[in-house]
Amino acid sequence: MQIQHIATQPIANQQMGTSGLRRKVSEVTSTPHFMENFIQAIFNAVDAKGKTFVVGGDGRYLNKPVLQLILKMAIANGVKKLIVGQDGLFSTPAVSCVIRKYKTDGGFILSASHNPGGPKGDFGLKFDVENGGPCPQEVSQRIYEHTQSLTEYVIADMPDIDVHTQQTQKFGDTEIAVIDSIDDYVELMKALFDFEQIRALLASGFRMVYDAMNASTGPYALRIFEQELGAPKGTVHHAIPLEDFGGLHPDPNLTYARDLVEIMNGDKAPDFGAASDGDGDRNMILGPHFFVNPSDSLAVLLHYAVQRNPKGVVGVARSMPTSMAVDRAAKDLGLPVYETPTGWKFFGHLLDAGKITLCGEESFGTGSCHLREKDGLWAILFWLSILAQTRQSVQAIVEELWHNYGRSYQMRYDFDGVDKQVADNMIKALREKMPSLVGQTFGRWHVKKADDFAYTDPVTGEVTEHQGLRVVLNGGRLLCRLSGTGTQGATVRVYVEGFEAEQVHQEPADVLAPYMELALSVFEVEKWTGRTQPSVIT
Ligand code: VG1
Ligand code: CO
C-alpha cells in the first residue's frame, strides 16, 4: 500500500456554518479536491496521528465515496483507529453516543442534516470532538485556517475498503472496525427509558406513526419501535435510507413532513406521530390534529424530567430564538436558564461543566446530558414515556403547560435564496438601527430592549457577537438572523413570539399576525429582499 502525496491549493470559504460544512453536491463534485482539502485540514488541525475517530453518515448521495476518502486519508495520516458504522451509516446522535462510550477523539458525520439530498441536493460534513459534540468555535477556526494554507493532502492508494461486513481490519498502522451502528445507541436508550412501560402503552391499543423520511433514523426506528417496543409492522414510514431521501426534504416540520401531517390530521389519526431529520438529531411531535411547538416541548420535557428525578436536573439552556416557555417552567422549578446562540455547539461547555441537564432549540432540536448532540429519537422516546406514565393525550400534556404558565405563541418566516451581499448589508444596517428602537411605541407595544445578541460563555468566558437581532417588547419578541446552514445565497429568518397568560387556545397565526407585521416592518424585509411572502413558515 502506497501513500500518495497530492499537491493541492486552498479553496476559499471552507468555513463551517452553524453545524459543519455544507455545500451543493454540484459544487463539491466540480471543485477539484473539495472534500480532500477539508478532510486533510481537519486531520492537520487535530493532530490526527495516533488518534481514534468514529465515522458514518446519513446515507445521502456522496456518503459512500466521501467515506472511502476519509478512511484512505486516515490511513495515510497515521490515524490509530476508525470505528465505522456498517454500510457507512450512523445518525448524528449515534455518533455522539459511540464517541462517548468508547472514549474516542472525535467523529466525522457525513451529512447536511435537514437539507435535501441527491445529486441536485446538498452534501456536508460535521466534525465532533472528544466530548461527542460539535467542534467548538476555536476548533472550527483552526480547521478553517488549515484549509487556507494547505499545499497537499495524503491518501493511501488502495482499493475501496469493505464497510459492509462487521469486522476489524488493519491497514498499515490503522485499524478499521466496522460495527453495528444501532446497538450502542439502543443500549443507551434502554438505560434511559423504561421500555417495559412504553411497550405496555403500545400494547394497550395506543397507535403511533414515525416518519424516518428515508433518512438515517429508519433502521434505528425499526429496531426501537417495531422490534424492541412491539409496535406493529408499518409503524415506521419511509424507513429505508435513500441517497436522495426518495425526493423528500428531510426536515421535520409542518411543511416538509407532509405525509405524516396528513395522517395526523386525518379521520382516523393515530394517538402519536413523530418524525426526524436527515441525520436524526431533530424531532417533530404531533398528536391527533395537534402540533407540539418545539419550544413548548422543551418545557414539557423539563417538567417531567424534574418530576422523575428532582435532584437530577441542574438547569436548562435554550437558543436565543427558542421561545421563553421553558424559562417560565424553569423559574417555577427554581432552575437556572441559559440563553445561547443558535447551534448545538454552544451547549457543549454548559453540559460538560454540569450546569444544565436539558437543552433545546425552536428548530425541532432537543437533547440532554446523555449526549452532546441533539437527539431526535431520544426526544420521541421521552414523549412516549410521558404518555405511558400519564396515559394522557399529547394535547392534554401541552395544554397543562399552557394552563400552568401561560403560552408563548411562536412562528418563524424563512426567506430563502436572498442575495448574500444584500442580506449582509441588511443585517449591518439593522444592527445600527437597534439602539434607536429602545423606548419606541408601536400600537400596544413598547420596545423594552433592542440589540444584536452577544453571548458570553459562562464556562470559558469566550464572547460570541452578532448572533441575531433582538427586539424585546412588552409581552413578546421579534428576532432576525441569517441562517448558517443554507447552500444557496442567504436565508433570512424572522422569528416572532407573543405571550398570552390566559388566552392559550388561539390559532398561532392569528395571534402572531400583528407581531409578524411589525417584525417585517422593523426589520425592513421587503425593502431589502423585495419579498412580501416567506418561502417557508414554521
Ligand atoms: C439551523 C437551526 C439551528 C440548528 C442548525 C443545525 O441553523 O436554526 O437551530 O442548530 O440548523 O441543525 P441555521 O443557522 O440555519 O438557522 V441540523 O439538524 O441542520 O444539524
Ligand atoms: Co440534523
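Colleague: What makes the meeting of the E187 and K101 side chains a salt bridge?

Modeller: Keep in mind that this is a predicted model. The N to O distance for E187 and K101 is 3.2 Å, and the cut-off is 4 Å between a Lys or Arg side-chain nitrogen and an Asp or Glu carboxyl oxygen. The pair is a Lys and a Glu at 3.2 Å, so it fits the rule.

Colleague: And how many salt bridges does the rule find across the interface of domain 1 and domain 2?

Modeller: Four. There are also 17 residue pairs in polar contact across that interface, both residues at pLDDT 80 or more. On the side of domain 1 that touches domain 2, α4 (92-101) and β6 (122-129) are the elements giving two or more residues. Of these, α4 gives the most, with seven residues.

Colleague: Which classes of residue make up that side of domain 1?

Modeller: You get ten nonpolar, 17 polar and eight charged residues there.

Colleague: How do you know which stretches of the chain count as domain 1 and domain 2?

Modeller: The domain assignment gives 2-181 for domain 1 and 185-405 for domain 2, plus a domain 3 at 407-537. The C-alpha centres of domain 1 and domain 2 are 28 Å apart, and 35 residues of domain 1 are in contact with 35 of domain 2.

Colleague: What area do domain 1 and domain 2 bury between them?

Modeller: About 2700 Å², with 55% of it on carbon and sulfur atoms. In domain 1, the residues losing the most area to domain 2 are P93, H114 and P134, together 21% of what that side buries.

Note on methods. Residues are numbered from 1 along each chain as its sequence is written. Chains are lettered from A and ligands numbered from 1 in the order in which they are written. This is a predicted model: local features need pLDDT of at least 70, side-chain atom pairs count only at pLDDT 80 or more; totals for chains, interfaces and linings use all residues. Side-chain values use heavy atoms; hydrogens and water are left out. Domain bounds come from an automatic or database domain assignment. Contact means heavy atoms within 4.5 Å. Buried area is the accessible area (1.4 Å probe) that two parts lose on being put together, summed over both. A polar contact is a pair of N or O atoms within 3.5 Å; within protein, one must be able to donate a hydrogen and the other to accept it, and residues adjacent in sequence count only if both atoms are side-chain atoms. Helices (H or I, at least four residues) and strands (E, at least two) are DSSP runs, numbered from the N terminus. Ala, Val, Leu, Ile, Met, Phe, Trp, Tyr, Cys and Pro count as nonpolar, Asp, Glu, Lys and Arg as charged, and the others, Gly among them, as polar.
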